[in-house]
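Q: Please pick one residue of this protein and take a close look at where it sits. I would like to see how its surroundings fit together.

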Amino acid sequence: MGRGKAATDAMDKGRRSRTAGISASTKSGSGLVAMTPRSDGVPKQFQLAGHTIAVNVVTPRKWKHGKNCVGIWLPDSYKIELLSSCKGSNRQQVFCHEAIHAMLDVAGHDDLSRDEQLVDRLGHLLQQMLTTME
Ligand SMILES: [Zn+2]
């Protein structure tokens, strides 16, 4: 758990489907509208099944999770930590990867959460979804 970015794989090539002619913004007033992400595109916190998941960006000096790790989900404290030197869409991807760990663990599927390949793919898809919403 916790290793952020794996090698980019080829999974989302040519798979961009789009429902023809239907605008996603016909309905407003959903929770999505109230979402106010930080300027770096990751939230400060979010809720999962009644738990508040805090998202902290940590400087390399205070980072305790090793050099090969850029993000980590800490299930005991319901926290996600992201390394501050990891920026932009990279940080978003690491955040989404860790958020998938969090979702699977909170859903009681820690077995699936240990499948880093699955987590990484779902993380990439989640990042794509969140950054292409209209
Ligand atoms: Zn992981």
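A: What follows starts from one residue and works outward.

This is a predicted model, in which local features need pLDDT of at least 70 and side-chain atom pairs count only at 80 or more, while totals for chains, interfaces and linings use all residues. Residues are numbered from 1 along each chain as its sequence is written.

Our residue is Ile80, which lies in strand β4 (strands, of at least two residues, and helices, H or I of at least four, are DSSP runs numbered from the N terminus). Is Ile80 buried or exposed? Ile80 is buried, because 26 other C-beta atoms lie within 10 Å, and 20 or more are enough to count as buried (12 or fewer is exposed, and in between is partly exposed). Of the 134 residues in the protein chain, 23% count as buried.

Now look at what surrounds Ile80. Leaving aside neighbours within four places in sequence, Ile80 is in contact (C-beta atoms, placed from the backbone, within 7 Å) with Ile53, Val55, Gly71, Trp73, Phe95, Glu98, Ala99 and Ala102. For a sense of how the chain folds back, find Ala54: Ile80 and Ala54 are 26 residues apart in sequence, yet 6.1 Å apart from C-alpha to C-alpha. Across the protein chain, 64% of contacts with a separation of 6 or more join residues 24 or more positions apart.

Step back to the strands. From the N terminus on, the elements run α-β-β-β-β-α-α-α, giving 4 helices and 4 strands. The strands form an open sheet in the order β1-β2-β4-β3, with mixed pairing (two strands pair if DSSP finds at least two bridges). Its edge strands are β1 and β3, each pairing on one side only. Neighbouring strands are turned by 20 degrees against each other on average, direction ignored.

So what are the partners of β4? On one side, β2 runs parallel to β4 and is joined to it by 5 bridges, with Val58 of β2 partnered by Leu83. On the other, β3 and β4 pair in the antiparallel sense over 4 bridges, and Leu74 stands opposite Lys79 in β4. Beyond β2 comes β1 (residues 45–48), antiparallel to β2 and joined by 4 bridges; one of the bridge pairs is Gln47 with Thr52. In their hairpin, which has 2 residues between the strands, Ala49 takes a positive phi near 50 degrees.

Next comes the helix. α2 packs on the sheet, touching β1, β2, β3 and β4, and its direction makes about 20 degrees with that of β3. α2 also packs against helix α4 (residues 116–132) at about 120 degrees, with the axes 8 Å apart. Among the residues making this contact are Cys96, Ala99 and Ile100 of α2, and Val119, Leu122 and Leu126 of α4.

Finally, return to Ile80 with the nonpolar core in mind (buried Ala, Val, Leu, Ile, Met, Phe, Trp, Tyr and Cys residues joined through C-beta atoms within 7 Å). The largest one has 17 residues, and Ile80 is among those with the most contacts inside it, along with Val55, Leu82, Phe95, Ala99, Ile100 and Ala102. The elements giving two or more residues to this core are β2 (51–58), β3 (71–74), β4 (79–83) and α2 (88–106). Of these, α2 gives the most, with 7 residues.

Conventions
Contact = placed C-beta atoms within 7 Å. Axes fitted to C-alpha atoms, helices over the stretch in contact; angles between N-to-C directions.
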